[in-house]
Structures are given as structure tokens and as C-alpha cells.
Amino acid sequence: MAPKPIITVAHGNGIGPEIMKATLRILEAAGARFDIETIEIGESVYQRGFTSGIEPSAWDSLRRTKVFLKAPITTPQGGGFKSLNVTIRKTLGLYANVRPSVSYHPFVATKHPRMDVVIIRENEEDLYAGIEHRETDQVVQCLKLITRPGCEKIVRYAFEYARRNNRKKVTCFTKDNIMKLTDGLFHKVFDEIGAEYPELQKEHWIVDIGAARLADTPEIFDVIVMPNLYGDILSDVAAQLTGSVGLAGSANIGEHIAMFEAIHGSAPDLAGKGIANPSGLLLAAVMMLVHLGQTDAAERIHNAFLRTLEDGIHTPDIYKPEVSSQKVDNAQFTEAIIQRLDLLPQRFQPVSYDHAPATPIATWKPRPPADKQMVGVDVFLDWAKGSPDDLACTLRSATNQSLALSMITNRGVKVWPGGMPETFCTDHWRCRFLPAEGAKTSHDDVIQLLHKVQSVGLDFIKMENLYTFDGEPGFSLGQGQ
Ligand code: NAD
């Protein structure tokens, strides 16, 4: 028999301790084998001055055990506190957030009786880099970072997950009609890697219409992979469509460490009442048992859970007199599951983890770097003293021989040359400088240009060099939409 694994457990805040107690009781009764290291995270740790809600010693435990079962925590209100979840995901490289959303019709009321969707959300990048700046009096910005390694890992994970779990289709959601470079890279990688999985159907939806279809006809989707922000929002929508956020568990998978948790928060409105639904954390723990290779216990628990739902034994969040036989509290729900550990569901398809695949671990393939050439610069200015033509006039007086002003945009809309008087302008300007046709440019040219811009009294707030990669422009060209 394999040695008993050690897992790290955090009991969390609000309803966290009560749903963790219920979950651990069921795991123990089902014969799951592990020892526990307990760590403290969340509210009290934030209040002791740790701005991410976790103490240094807790990281040691996570890195030692490599498996984390986490109850929800409460993030204190007010500035200065960082999201513990985002910190853990990014620090430990948990790049894949796997969120299954399944309907339990007719026992849990839902408008979508045939829903069985797994959302695979990129978990480390996108707007969650948390790099924000106030650049002018009127304008703040947040940097959206999408990387090729990040796209390759999450997209390959999604295809591997689909293949190993006998899923039929992988859908990709992006907004690459607008964000052609960032979301465009995600879509491109989806097409490239998808070609290696000929047995799976593949499709891409622009996220807005994709989200509308998910809310309306979720049964047309199977596995959906998407960048971080869309996945954050749409995985909550998907869970709610099944009937209750209290029912969904999730896994956060990295190359070295994995974290398992319910998708909901600490529900302070229910804390201490003993009526919270422990199912989300319990199903996360089932995913953890499969990850640990303890498929017998995972199967017994999952089937007992389905049987309990079928028998109409429901916590208040899913209780409906038409389908429920008994409204129970958290402890009674827990006991009902334990009593059914040797039973199979009769209406739902019993779950089988007999041949459950190992958790896919996706890596990325380093490629030879592209040929990178500097072909110009965008200089961003904080300026509020006149019209775009006035700004162009001042800038052209500063232009040096090697770089000439070619375009000014405001919030991405071209306002010079040939701007429209109706365009609303803020105090944040992007001024594009290009060398004469065919000429090269250099960092020295840019430094000289910045000196000249400063010499005519303009406040440059940042610049972005313009590069081509293997001859392809690595910057947006046009007017924005
Ligand atoms: P929430 O998910 O805690 O609650 C939303 C609603 O769902 C509430 O009405 C709640 O009663 C209900 N609900 C949630 N879990 C339930 C369960 N198991 N059984 C029955 N009903 C349940 O979201 P919120 O109110 O926005 O956030 C509360 C706190 O949780 C905040 O401090 C937030 O920062 C934190 N939070 C933590 C996590 C996490 O630790 N992973 C995730 C989300 C929110």
C-alpha cells in the first residue's frame, strides 16, 4: 500500500470551519487515507498584519505536502489587503482552475436540467497581474498580460482534461475581435494545440455571445477554456445556473502543488447557524481524492452524495417542498451522506472513478526566439492644454531627424491627423513616432526624442517601443474600436 499522504488543511472563516468539519467527517467515514497539517489563513492572519492573509510558515506546509484542502475565507474590507486566493494561485503556479458545473435535475431546481459543463480558467495572468497605475489626472490603467507559456499550459491542460475524461468538445472563449494581440494569442494557441487532438471537436466563440449562449443553452457546451477574467465571471454564472453556488467544487492545479476548494465564499450571513451546504467543499475534496489516486473513497462519497440528493434530503439553500423530503442542517446532511456510503444513486448515473486518469500536468515548449526589430515608439503624454492639432504642432517642433510624429490617439481613437471634432478627448495621449521609411531606429533615438519632448514642456508618462517579430507588427496598428 502506498504511504499515507499528508495534506494541508485550512478551516477558513465564516461557514468555513463548519463545512470543513462536515467534509473531513465524511472523508474519514469513507476510508480516505491521509494525515493532516493544519494552517491558519484569512481574517485573523490579515488582522495580525500579514497583508495577503497567510503567514510564512504556512507556505512551508503547502510546499511540503503539495496538496491543499481549503475552506473559504473572509477578506477584510478596506485598502491594503491582497486577495489570498490570487496570491496563492500565482505564488504556487496553480495555472489551471477547473470548475465543473452539473445540474441535479429534478432534485435541485434549475432552468437547465441537462447541464454538465467544465470551465477551465487560466489562473495566473490577464488583468490579475495586478499592475495598475494612475497616469494622469483623469486616467487610470490596468495592464493585461497574456504570455505564450501561460496560454500553452492552460490550453493543453484543457485538451488533456477533455481527452482523459472522455469529453467530446473543447470550446474557447476570447474577445480577440477587439484585443487582437492578447486574446488573439490565446485563440491562436488554442488552434495550434487543438490540431494535436483530432478526436475532439473544437470551436471558438467571442466571449460576449458565448456567455449569452452559456446562460441560455448550457447543454451545448462541454469543456470551455478561457482567460482569467472571463473564467472568473463565467464559472460563477455556470455554478449558479445549476441551482446553487453551494454545490460546486473546484481544483487549482499547478505543476507541483494543487489546491481544492468550494467555489463560494465564507457566507458570513450563514456563519454559526449550522445550515450551510457543505457540498461544494465535499466535491472539491472528491477531486482531491482522485488527484491522490484514492478513487475508491472518491467514488463512494460522490455516489452517496448523489443518493442523498435523490432521497430529497436537502439543506435550506436547495430545499423545495415539491422535490425535497426533509429540510436538514449541515450536521444532518453530513450524517445522511455517511449512512449512504455503500449505496448507489438510483436516478442519477452512478459515478465511476475506477479508471480515473491522473491529473493532467501541462507544460509548454520553449521555441527559438523570433527576430525582434525596433521600428518606432509610442510616447504617452499627460496633457490638457488644447486640441489634438495644437499637440501635434508642439510635438512636430520637437521632432528629431530620426523619428517623426505619425499619429496621435486618445483612448485608442485616432485624433491626428484627420481627427473628428466629436471625439471626446481626455488628458491621456498616445503619440506614435516612426523613422523614415526603411530606416532603423534605436534606443538612443528614443532617448533623444524624450529629451526633446521634455524640452518643449511636455510631461511624458511612459513609452512603449514598437517592435516587429519575424516581420509581424507586435503592436496595435489602427484606431481602436
Ligand atoms: P459568498 O459566496 O460567501 O455568498 C454568496 C451567497 O451565497 C450568500 O447568500 C450565501 O449565503 C450563499 N452561500 C454561499 N455558500 C453557501 C453554502 N455553502 N450554502 C448555502 N448558501 C451559500 O459570497 P460573498 O457574500 O460575496 O462573500 C463573502 C466573503 O467571502 C467575502 O469576504 C469574500 O471576500 C469571501 N470570498 C472568499 C472566497 C474564497 O475564500 N475562495 C471566494 C469568494 C468570496
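Start by selecting Asn166, which sits in the loop between H5 and strand E8 (169-174). Helices (H or I, at least four residues) and strands (E, at least two) are DSSP runs, numbered from the N terminus. Asn166 has a positive phi of about 55 degrees, although it is not a glycine. Is it buried or exposed? Asn166 is exposed, with a relative accessible area of 63%. For these words, buried means under 20% relative accessible area, exposed over 50%, and partly exposed in between (1.4 Å probe, protein chains only).

Before you move on, some ground rules. This is a predicted model, in which local features need pLDDT of at least 70 and side-chain atom pairs count only at pLDDT 80 or more, while totals for chains, interfaces and linings use all residues. Residues are numbered from 1 along each chain as its sequence is written, and side-chain values use heavy atoms, with hydrogens and water left out.

**Another positive phi**

Now jump to Arg411, in the loop between strand E16 (404-410) and E17. Its phi is near 50 degrees, a positive value in a residue other than glycine. Arg411 is exposed too, at a relative accessible area of 58%.

**Two cis prolines**

Stay in that part of the chain and pick Pro417, in the loop between strand E17 (413-416) and strand E18 (428-434). The peptide bond leading into it from Trp416 is cis, with omega near -10 degrees. Then go to Pro106, which you'll find in the loop between E4 and E5. Here the bond from His105 to Pro106 is cis, with omega near 0 degrees.

**Zoom out**

Show the whole protein chain. It has 13 helices and 20 strands, and its C-alpha atoms fill a box of roughly 85 × 55 × 45 Å, taken along the principal axes. Of its 481 residues, 52% are buried. The accessible surface comes to about 22200 Å², with 53% of that belonging to carbon and sulfur atoms; these areas come from the Shrake-Rupley method with a 1.4 Å probe, and for residues only the protein chains shown count as cover.

Try colouring by domain: domain 1 covers 6-339 and domain 2 covers 372-473. Those bounds come from an automatic or database domain assignment. How far apart are the C-alpha centres of domain 1 and domain 2? They lie 44 Å apart. Where the domains touch, seven residues of domain 1 are in contact with seven residues of domain 2, contact meaning heavy atoms within 4.5 Å. Across the protein chain, residues 24 or more positions apart account for 77% of the contacts with a separation of 6 or more.

**Into the second largest pocket**

Next, select Tyr161, Asn165, His302, Val351 and Tyr353. About 1200 Å³ of space lies in the second largest pocket, and of the 41 residues lining it, these five are the closest to its centre: Tyr161, Asn165, His302, Val351 and Tyr353. Elements giving two or more residues to the lining include strand E4 (96-102), helix H5 (148-164) and helix H10 (295-310). Which element gives the largest share of the lining? That is H9, with five residues. By class, the lining has 26 nonpolar, twelve polar and three charged residues. In this scheme Ala, Val, Leu, Ile, Met, Phe, Trp, Tyr, Cys and Pro count as nonpolar, Asp, Glu, Lys and Arg as charged, and the others, Gly among them, as polar.

A pocket here is an open set of points on a 1 Å grid over the protein atoms alone, with protein on both sides within 12 Å along at least five of seven lines; a cavity is a set where a 1.4 Å probe fits but cannot get out, and lining residues have an atom within 4 Å of a point. Grid points are joined across faces, edges and corners, and a volume is the space filled by probe spheres set on the points.

**The cavity**

There is one cavity of 30 Å³ or more. Select residues from its lining, among them Glu122, Asp126, Cys151, Phe186 and Asn228. The lining has four nonpolar, two polar and three charged residues.

**Last stop: helix H8**

Leu229 lies in helix H8 and is partly exposed, at 27% relative accessibility. Not counting residues up to four places away in sequence, Leu229 touches Asp126, Leu127 and Tyr128.

Finish at Asp236, also in helix H8 (residues 228-241). Asp236 is partly exposed, at 34%. Leaving aside neighbours within four places in sequence, Asp236 is in contact with Arg99 and Ile263. For a long view, draw a distance to Met407: the C-alpha atoms of Asp236 and Met407 are separated by 42 Å.
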